[in-house]
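User: I should like to learn how aromatic contacts and pockets are read from a model. Please take me through them step by step.

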Amino acid sequence: MSGEISRNICYGIATLFLVYSVSVFLPAQSDEVFLAKFEVVLSPGNYGTFTMEVHPEWAPLGAARFKELVEEDFFVGMRFFRVLPNFVVQWGIHGLPSVAKKWKGKKLPDEKVIESNKKGYVSFAKSGPHTRTTQMFINFKDNANLDGMGFPPFARVIEGMDVVEAVYSGYGESPDQARYEAEGNKYIKSQFPKLSFIRDVSIVSSTLDEL
């Protein structure tokens, strides 16, 4: 009996630790739809913009994390490191290894998939259950197969999808994510100099009607 009680106590402690370790990194949530404008450098001297409409009701934690990252200027200088035409364009690894390391441990719990991964819709990337952190992707086409894999969209591109589709795709998914995290933009600039990158991101309005 005492052994069973001990096991139950250990299980309870482990569960509480898991809940705490996940919840401690949860961003503040809001129900308000908002717009975020991306300014990107497609190639030297070639600039463009696109606007995302963020819907907290689709994925509250994902939307809140995105807003948190924008407010911390996390995306500035970031490369679109995985670009697969007819599938997705992905970004979200910070150019400074120290910053990338800081955010790597801030994992979000999984959320229910409410909207489908349609063309122009935006979801966080993940490598398994409860592993969303800062990487995200825009769907180049309808990728409904990702819905069943647990990728909940939190936003959609409402302007500038032509700019998204013009992001440099010549390297495919050749950049090594582990090296990018460990070496930052130094690795990316030396090995993949043509990658398009983010110049700035800003929250520009609560609704499109206010623009």
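User: Which residues form one aromatic cluster in this structure?

Analyst: The model is a predicted one. In this model, Phe34, Phe38, Phe50, Phe66, Phe74, Phe75, Phe80, Trp91, Trp103, Phe124 and Phe154 come together as one aromatic cluster.

User: How many aromatic pairs does a search of the whole structure find?

Analyst: The search yields 17 aromatic pairs. One of them joins Trp58 and Tyr121: the ring centres are 5.4 Å apart and the planes meet at 10 degrees, so this pair is stacked. The cut-off behind that reading is that planes under 30 degrees apart count as stacked.

User: Why does the pair of Trp58 and Tyr121 tie together parts that are apart in sequence?

Analyst: Trp58 belongs to the loop between β2 (46-54) and α2 (60-71), whereas Tyr121 belongs to strand β5 (residues 121-124), so the pair connects parts 63 residues apart in sequence. Trp58 is buried, at a relative accessible area of 8%, and Tyr121 is buried as well, at 11%.

User: What is the geometry of the pair formed by Phe80 and Trp91?

Analyst: Phe80 and Trp91 are arranged edge-to-face, with 5.5 Å from centre to centre and 65 degrees between the planes. This pair also links distant parts of the chain, with Phe80 in the loop between α2 and β3 (82-84) and Trp91 in strand β4 (residues 88-91), 11 residues apart. Both Phe80 and Trp91 are buried, and both are members of the aromatic cluster.

User: Which lysines lie over the face of an aromatic ring?

Analyst: Lys106 lies over the face of Trp103, 4.4 Å from the ring centre. Lys126 is placed over the face of Phe151, at 5.7 Å from the ring centre.

User: How should the largest pocket be read, and which residues are closest to its centre?

Analyst: Empty space is revealed by rolling a probe the size of a water molecule over the atoms. Here the largest pocket holds about 430 Å³ of space. It is lined by 24 residues, of which Ala125, Lys126, Ser127, Gln135 and Gln177 are the closest to its centre. The helix α3 gives the most to this lining, with three residues. By class, the lining comprises 10 nonpolar, nine polar and five charged residues.

User: What is the volume of the second largest pocket, and what lines it?

Analyst: The second largest pocket has a volume of about 180 Å³. Among its 16 lining residues, Leu42, Ser43, Pro44, Lys194 and Leu195 are the closest to the centre. β1 (34-43) and α6 (185-191) each give two or more residues to that lining, and β1 gives the most, with three. The classes in this second lining are 10 nonpolar, three polar and three charged residues.

Key. Residues numbered from 1 in each chain as written. Predicted model: local features only at pLDDT ≥ 70, side-chain atom pairs only at ≥ 80, totals over all residues. Heavy atoms only, no water. Phe/Tyr/Trp six-rings, centres within 6.5 Å; stacked < 30°, edge-to-face > 60°. Helix = DSSP H or I, 4+ residues; strand = E, 2+ residues; numbered from the N terminus. Buried < 20%, exposed > 50% of the residue type's maximum accessible area, 1.4 Å probe, protein only. Lys NZ or Arg CZ within 6 Å of the ring centre and 35° of its normal. 1 Å grid on protein atoms, 1.4 Å probe; cavity = no way out; pocket = protein on both sides within 12 Å on 5 of 7 lines; lining within 4 Å. Points joined across faces, edges and corners; volume = space filled by probe spheres on them. Nonpolar A, V, L, I, M, F, W, Y, C, P; charged D, E, K, R; others polar.
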